[in-house]
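Work through the exercises below with the sequence and the 3D structure at hand. Each task is followed by a solution that goes step by step.

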Amino acid sequence: MDPAEGNQMHVDRIDREILFHLSQDGRLTNVELAKRVGLTPPPCLRRVKRLEEAGVISGYRAVIDPVALGRGLEVLVDVEVSATDRKTFEEFEETVSSYEEVVEFRRLFGRPDYFIRVAVADHAAYEAFLTGKLSGLPCVLRLESHLTMKDIKTNP
């Protein structure tokens, strides 16, 4: 099902349970998943396949611990740009998207223009990223950094 069509798939209670369990552990076997949602394995597998084909389940991935990779400092950055033409926006987005430190990048309605989530080793690495890459881009008007005090809820 193409999400652009605006059609939504009907998801019942059992489908929601399947989605819950798979979101908690995407490596569950079909047998274990079926047991948890109260089905036998064949109908459970059919439901999972239907959810995948409809695009409700868009993939499976590993959740990586950033601290284990030496990227324990996460900074949220609001960015305002001075660009008004499409070419400048596209160049800015392509450049920022290419930075390894950027783990999430969104264009917003209103202000700020962009939201960037950056993961680096420490404050010195963030300063190097900010001064060496982000603030040097020609259309950047204003940057505001937000350091996380406490991570309360994060969905992978």
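**Exercise 1.** Decide whether Phe129 is buried or exposed in this predicted model.

*Solution.* Begin with the cut-off, by which a residue is buried when its relative accessible area is under 20%. The relative accessible area of Phe129 is 1%, so Phe129 is buried.

**Exercise 2.** Find out how the rings of Tyr99 and Phe129 are arranged, and which parts of the chain their pair ties together.

*Solution.* A pair of aromatic rings is described by the distance of the centres and the angle of the planes. For Tyr99 and Phe129 the centres lie 5.8 Å apart and the planes stand at 90°; since an angle over 60 degrees counts as edge-to-face, this pair is edge-to-face. Next, locate the residues: Tyr99 sits in the loop between α4 and β2, while Phe129 belongs to helix α5 (residues 123–134), so the pair ties together parts that are 30 residues apart in sequence. Tyr99, with a relative accessibility of 12%, also counts as buried.

**Exercise 3.** Carry out the same steps for Phe92 and Phe105, and then state which aromatic cluster includes them.

*Solution.* The model has six aromatic pairs under the rule that ring centres lie within 6.5 Å. In one of them, Phe92 and Phe105 meet edge-to-face, with 6.1 Å from centre to centre and 70° between the planes. Because Phe92 lies in helix α4 (residues 86–98) and Phe105 in strand β2 (residues 102–107), the pair ties together parts that are 13 residues apart in sequence. Phe92 is buried at 3% relative accessibility, whereas Phe105, at 22%, is partly exposed. Finally, Phe92 and Phe105 form one aromatic cluster together with Phe89 and Tyr114.

Key: Residues numbered from 1 in each chain as written. Predicted model: local features only at pLDDT ≥ 70, side-chain atom pairs only at ≥ 80, totals over all residues. Heavy atoms only, no water. Phe/Tyr/Trp six-rings, centres within 6.5 Å; stacked < 30°, edge-to-face > 60°. Helix = DSSP H or I, 4+ residues; strand = E, 2+ residues; numbered from the N terminus. Buried < 20%, exposed > 50% of the residue type's maximum accessible area, 1.4 Å probe, protein only.
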